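Me: Please take a close look at the metal site, and set it against the fold as a whole. A plain account will do.

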Amino acid sequence: MIADDELAALVRPDSVNKRVYTDPAIFALEMERIYGRAWIYVGHDSQVPNTGDYHTTRLGDQDVVMVRAADGAVKVLYNRCPHKGAKLVSEGDGCAGKFFRCPYHAWTFKLDGTHLGAPMRDGFEGTAYDPTNPQFSMAPVARVDSYRGFVFASQSAEGPSLRDFLGGVASSIDNLCDRSPVGEVEVVGGVFRVLQESNWKVFYENLHDTMHARVTHESSFRAARDEAAAIGEMPFELLIQDGNGEPYTFWEKLELRAYRGGHGYMEGIFDPGAATRDPVARAHFECLSEAVGEERAREVLGMNRHNTILYGSGSPHNVFQQFRVIRPLAVDRTLIEIQLFRCKGAPDAVFDRALTYANLINSPSSNVMPDDVELYRRCQQGNNTRGGEWVSLHRYAGTDRMLPDGAVSTNGTSELPMRNQFAAWREYMLADVPGEAAHAAA
Ligand code: FES
Ligand SMILES: [Fe+2]
């Protein structure tokens, strides 16, 4: 067990001890104190449209199953049979039918997890076996709630509501949904998976690390520029790779928002003017205008926002309709699962564009993402040496403007987002009351 004062000493206002990335004991505590407390994204309700449909995932180190129960509600249950503890539902998505049946000794459970039956009931005569005792049912996760179809669960019975937890970044989920003329999105297909040989927190930090783009991604933005010069135009496919090559002065002008709980978002990096001149964006605008009026359509599609950080869950992207779910597997192993969303009722080309973006920027076959993954691995490797104890988060420290619920950068290259994440991390790791930490100040 690591004492609270030892944990507290790992995070300073402008730096963090490398142990937070490398110590397996700290990782185990994070599973308990962050993933065991916070609201964590489980999946989207469109993944379980019909009764009995399920989606398996993990809340930190806990296997869970999200299921559409008979009353239409979405439940989140620990994926454990109460007989001998077998994982009840195998990995993936599917339909359980009318009930869950354990593949080991055929105990059955209603879709809300309650005990239904066990074969050869005579064997329980005179024993304490009691189908109404929760000990014989699948255990539900303490709290489940959804926000515009995005289902979250918290393993703590106490703590802020989901809406309060989402705070300032709920607007990213709103905008993702509002891009649909009917205000709804649905998950399409499976997921892109990327396995990273690094600690989960490095990925969150990189999401708003504007100083790395033109360095780490030099090979892809140069190739995109060479190609554009050769063909005499800059189509969407090249434009999204070219963006990383912007000079430092460009990144400095961007705004970074940091909210309590480690959340935040950054201003978009693609010229919204170019988007309205392009035929896909134009068709989207016209379709949305018909449903909600031109003024509202302009407001919705004009929200120029890049990566959003939902600390503990991952990164939704409203403009390109994706959610990169970040799943810590071990202190030096992290799985990223990229879900793609269709804006219901929007032109097909809008989804095609989201798919193109994910393919070119985030997928395992992307030209861009492997650069980041390599650098995350190097951070893990370097921090495993005896070459130093501290990681620097000094850039623009002390200059950020405080807001009632967070802070905003005064320079887009500020390491404010990382400092904000570690302020939340510290609160989570030290808070006595479950859920309190979700309101950590920036
Ligand atoms: S472990 Fe599930 S029925 Fe025996
Ligand atoms: Fe990157």
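Reply: Residues 24 or more positions apart account for 64% of the protein's contacts with a separation of 6 or more, a contact being heavy atoms within 4.5 Å. This is a predicted model, in which local features need pLDDT of at least 70 and side-chain atom pairs count only at pLDDT 80 or more, while totals for chains, interfaces and linings use all residues. Residues are numbered from 1 along each chain as its sequence is written, chains are lettered from A and ligands numbered from 1 in the order written, and side-chain values use heavy atoms, without hydrogens and water.

The protein has 16 helices and 22 strands (DSSP runs numbered from the N terminus: H or I, at least four residues, and E, at least two). Of its 442 residues, 53% are buried (under 20% relative accessible area, with exposed over 50% and partly exposed in between; 1.4 Å probe, protein chains only).

At the site, the iron ion (ligand 2) has as protein donors H212 (NE2), H217 (NE2), D372 (OD) and D372 (OD), 2.0 to 2.6 Å away. Donors are N, O and S atoms within 2.8 Å of the metal (3.2 Å for Na, K and Ca); water is not among the atoms, so sites may look incomplete. The four donor atoms subtend angles of 55 to 147°, so the arrangement is irregular. Four donors are tetrahedral if all angles lie between 85 and 135 degrees; four are square planar and six octahedral if opposite donors are over 155 degrees apart and all others between 65 and 115; anything else is irregular.

The spacing of the donor residues in sequence is H-x4-H-x154-D. H217 sits in the loop between helix 7 (213-216) and helix 8 (218-231), and D372 in helix 15 (residues 369-383), so this pair ties together parts 155 residues apart in sequence. H217 counts as buried because its relative accessibility is 2%; D372, at 11%, counts as buried too.
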